[in-house]
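This report describes selected side-chain and strand contacts of the structure shown below. Strand pairing is treated before the aromatic contacts.

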Amino acid sequence: MPSSVTKLEGPIFSSCKQLKTVEFQPNSKLDRIANSVFNSSSIEGITVPPSVDYVCFQSFGQCEELVSIEFLGDHLYLEYHCVTGSKKLSVISFPFANRVYIHTNECNENMRIFIQPNKSIEAYFKPQHYE
């Protein structure tokens with residue numbers, strides 16, 4: 001991915017069954033992964049550059065082959081349903097994060113979340129249905 005790209009918007013890789021991996025340039029300026037960008041693709045793993053601070057609804061949803069995501073940013077917000085349905089996803093890592101906001105609905109029983117000791121992870125719960 002060229003370093004000049006600042007946003008990935010729309011379902012540009014959605015349902016792309018040939019997509020296995022995405023590589024970003026070390027000086028990437030990407031700051032947001034918008035709704036459904038990788039939804040239902042065959043991506044297996046991804047390292048998200050440090051410039052990204054927001055991951056939107058269904059960005060990595062329904063990715064049947066996705067096993068791991070590493071976020072290199074220091075402050076991240078993972079929107080509701082950003083990985084929903086990615087059943088093989090077992091590792092989400094935040095090796096440099098000082099603060100992470102994640103919706104608890106995103107976690108499945110096989111998933112492990114890694115964050116530095118003495119750092120903040122704030123989990124939010126959003127009900128599946130509203131009355």
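## Strand pairing and aromatic contacts

In this predicted model, Ser 68 has Val 91 in strand S8 as its bridge partner. Strand S8 covers residues 91–94, and 3 bridges join S6 to S8, the two strands running parallel. Strand S6 also pairs with S4 in the parallel sense, over 4 bridges. Within that pairing, Val 48 has Phe 71 in S6 as its bridge partner.

The side chains of strand S6 (residues 68–71) alternate between two faces. Ile 69 and Phe 71 point to one face and are buried, whereas Ser 68 and Glu 70 point to the other face and are not buried. Phe 71, the bridge partner of Val 48, thus belongs to the buried face, while Ser 68, the bridge partner of Val 91, belongs to the other face.

The structure holds 5 aromatic pairs. One of them is formed by Phe 13 and Phe 38, which counts as stacked because the ring planes stand at 5°, with the centres 5.3 Å apart; the cut-off for stacking is a plane angle under 30 degrees. This pair links distant parts of the chain, 25 residues apart. Phe 13 lies in the loop between strand S1 (7–8) and strand S2 (21–22), and Phe 38 lies in the loop between strand S3 (32–33) and strand S4 (45–48). Phe 13 is partly exposed, with a relative accessible area of 22%, whereas Phe 38 is buried at 0% relative accessibility. Together with Phe 60, Phe 13 and Phe 38 form one aromatic cluster.

Tyr 77 and Tyr 101 form another aromatic pair, which is tilted, with 6.2 Å centre to centre and 40° between the planes. Tyr 77 lies in strand S7 (residues 75–78) and Tyr 101 in strand S9 (residues 99–103), so the pair ties together parts that are 24 residues apart in sequence. Tyr 77 is partly exposed at a relative accessible area of 25%, while Tyr 101 counts as buried at 16%.

The accessibility of the four paired residues is listed here.

| Residue | Relative accessible area | Class |
|---|---|---|
| Phe 13 | 22% | partly exposed |
| Phe 38 | 0% | buried |
| Tyr 77 | 25% | partly exposed |
| Tyr 101 | 16% | buried |

A further ring contact involves a charged side chain: Arg 32 lies over the face of Tyr 54, at 4.3 Å from the ring centre.

Methods. Residues are numbered from 1 along each chain as its sequence is written. This is a predicted model: local features need pLDDT of at least 70, side-chain atom pairs count only at pLDDT 80 or more; totals for chains, interfaces and linings use all residues. Side-chain values use heavy atoms; hydrogens and water are left out. Rings of Phe, Tyr and Trp (its six-membered ring) pair if their centres lie within 6.5 Å; planes under 30 degrees apart count as stacked, over 60 as edge-to-face and the rest as tilted. Buried means under 20% relative accessible area, exposed over 50%, partly exposed in between (1.4 Å probe, protein chains only). A charge sits over a ring if NZ of Lys or CZ of Arg is within 6 Å of the ring centre and within 35 degrees of the ring normal. Two strands pair if DSSP finds at least two bridges between them.
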